[in-house]
Amino acid sequence: MLRTSDVQIGYGESTVVWDVDVEVETDQIVAVLGRNGVGKTTLLRGIMGLNELQGGHVFLDGENVSTLKPFEMAAKGVGYVPQSRDIFGAISVENNIRLGSASGDQMLLRGEVPEYIYEYFPALKEKADAKGGTLSGGQKQQLAIARALNADPTHLLLDEPSEGIQPSIVHEIGEQLKRIRDNRGISVLIVEQNLNLALAVADYCYVLETGRVVEQGTPEEIEASGAVDEYLSV
């Protein structure tokens, strides 16, 4: 299980996330929802070790990992897909995916991409020899997820995977995330503004407002609570 306890995270002396408790249990997809600027990305960065915690703790399977660096978190099985995707445009799709294996616990670059990854994202297999920079936005997002999967993670952190992507691809990514959870036993923490995607894939949701959790529950409970209108509607 991945868990935060009273985490405070920010930039310099500025605090963005206040006393946030989030739990992602085994084989679970958890969504953190909120408008732009409420601290969703900062929360992920703090969990991954990209931002130093100002307070609180992060636990992974009972171990306190609050002070670990990003490469150490990756080696422990936490895959991270940033909002920027960070695709290497000058190398092939296949080699982009291969680079993910160097984030695993052995830090070794595998020779081939596991076939199951292409089964989730068949469009990537068709473009395996194409340069990463030639892909569409949706394909780049799929590539970023595929690269993270190639490290054999136990947990996957996704930052706004629907941003700038056409609805049909967003739906496809959502379906593949559920398959990844069900088939690979990977827990997923996703931060999103896209309610349709988040509520369709999540088993449990947290709603952030000004860096604090203001509502939590199943997607059905979130919709029934009025949180969508109060905290999420534009």
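Which strand does E8 pair with in the parallel sense over 5 bridges, with residues 29–33? That partner is strand E3, and we can start from there.

## About the model

This is a predicted model, where local features need pLDDT of at least 70, side-chain atom pairs count only at pLDDT 80 or more, and totals for chains, interfaces and linings use all residues. Residues are numbered from 1 along each chain as its sequence is written, and side-chain values use heavy atoms, leaving out hydrogens and water.

## Strand E8 and its partners

Strands here are DSSP runs of at least two residues, numbered from the N terminus, while helices are H or I runs of at least four. Two strands pair if DSSP finds at least two bridges between them. With E3, Ile29 has Val188 of E8 as its bridge partner. Strand E7 (residues 155–159) also runs parallel to E8, joined by 5 bridges, and there Asp159 is matched with Val191.

Strand E8 spans residues 187–192, and 6 of its 6 residues are buried (under 20% relative accessible area; exposed is over 50%, partly exposed in between, with a 1.4 Å probe and protein chains only). One side carries Ser187, Leu189 and Val191, the other Val188, Ile190 and Glu192, and both faces are covered.

## A look at Glu23 and Phe88

Now to two residues elsewhere. Glu23 lies in strand E2 (residues 14–24) and is partly exposed, at 33% relative accessible area.

Phe88 sits in the loop between strand E6 (78–81) and helix H3 (93–99). Phe88 is likewise partly exposed, with a relative accessible area of 46%.
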